[in-house]
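Hello,

I am passing on a structure that is new to you. My notes follow it.

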Amino acid sequence: MAGAAIPAATRRGISGISAPTTPGRSAEADGPRRPGARRRSAWLRAIRRGAPPRPRTGRAAGPSMRDSDGRGLAPSGIPCHAAAAMSENDPERLIRGRYGVAPEAPLPFTPLPEVPAGLAALLDRRVTRRYAPDPVPEPLLQTLLAGAQSAPSKSDLQQYAIVVLRDAARIARIADWITGMDWIKQAPVFLLFCGDVRRGRRLCAHHGRAHANDNVDTFLNATADAALALGFAVMAAEALGLGTCPISYVRNHVEKIGPLCALPEGVFPVAGLTLGFPAGARNWLSPRLPQPVVVHRERYDDSGLEAALPAYDAARPPAKPRYPEIHGPRPEGCAWSENAARQLAVPERFGLRTWLKSRGLSLD
Ligand SMILES: Cc1cc2nc3c(=O)[nH]c(=O)nc-3n(C[C@H](O)[C@H](O)[C@H](O)COP(=O)(O)O)c2cc1C
């Protein structure tokens, strides 16, 4: 696949992460300065010094002043081409979307007056469950994987592995085992993120030392490393114009996926990740729980959970009921909290511990 043409969607994605340009002005004409460098130095430094966020000025106005190269600056001191792109990344719109806040309702907090493109992409991210058939060129994939490997790792031990599946027949086998997730088969690439305790054991053997950390803490560290790598892969994909969907259901079929991917003892799947060029409309933006439910200041305090649920449930359209065969049907759909309770009331993957132990993973 090396050298394959990069589809238009990706070219758009790539240009989306380089400096936005004013119409009629090429990126080259704006020079090689890193996108966002100026705006970070201007307003982020001020905020770090403790300045209150500037009042929002609405859409960036036309050039009101010039920088030393004669380029237009918006009133904020931000180059106009960058400011224009940032107005598309309106922080208020992004925060409303992320928390499902209606346009007429007050914002849950005052966001920054502007957000860099990378953060805007993160605030607007959602899973992709429809893929175009275009292959993912190898240079794109390898660069994305470098992004995944840029995740932090516990003690720099990097106790994870990523198995790349490109063979459509092998991806289809996983989809057929899981069933009901057509997007797995559609995606041209399937990544399996695994915790990897084996490599550490081998490093110990290589240096003539006994591995003394076969325990639940190592299992947790390896799982966290794999999950972080998956998260970084998701964001790298977004930056490249690709879409992803994590797949926990690989853990329902470990006894088949293990051999399919030749996973040795000490290596266990954490989650899969479908990867490809998005097709059709984007998935809906799934609003997150309000910050006071998830974020605790100085001390954990979840006393506001029940009070927060009605508004959060109302911010999301009713969803397909989980486990209708066990909890009963719900033709009108289920609110988020009820669906969470329905799901968590049914044991899932309780055989996993046995499989992990059989694969040489100690959870003691
Ligand atoms: C570890 C993990 C496993 C997931 N497993 C699946 C899965 O098996 N199938 C699926 O369609 N989505 C899966 N998802 C995606 C979630 O359903 C999705 O992230 C969630 O609904 C929120 O939507 P959003 O990512 O668009 O904000 C998984 C996500 C994570 C983080």
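How do the residues of the shell around the ligand divide into nonpolar, polar and charged? There are seven nonpolar, three polar and one charged. (Ala, Val, Leu, Ile, Met, Phe, Trp, Tyr, Cys and Pro count as nonpolar, Asp, Glu, Lys and Arg as charged, and the others, Gly among them, as polar.)

This is a predicted model: local features need pLDDT of at least 70, side-chain atom pairs count only at pLDDT 80 or more, and totals for chains, interfaces and linings use all residues. Residues are numbered from 1 along each chain as its sequence is written.

The residues around the ligand (C-beta atom, placed from the backbone, within 6 Å of it) include Arg126, Met181, Tyr249 and Asn283. Strand β5 (residues 243-247) gives the largest share of this shell, three residues. Strands here are DSSP E runs of at least two residues, and helices are H or I runs of at least four, numbered from the N terminus.

An open sheet has four strands in the order β3-β4-β6-β5, with antiparallel pairing (strands pair if DSSP finds at least two bridges between them). β3 (160-165) and β5 are at the edges with a single partner strand each, so one side of each lacks a neighbour in the sheet. Strands β4 (residues 189-196) and β6 (residues 267-276) pair over eight bridges, and valine 189 is opposite leucine 275 in β6.

In α6, Leu144, Gly147 and Ala148 meet residues of α10, among them Phe232 (contact: C-beta atoms, placed from the backbone, within 7 Å). By class, this contact of α6 with α10 has seven nonpolar, one polar and no charged residues.

Regards

Terms used:
Two residues are in contact if their C-beta atoms, placed from the backbone, lie within 7 Å.
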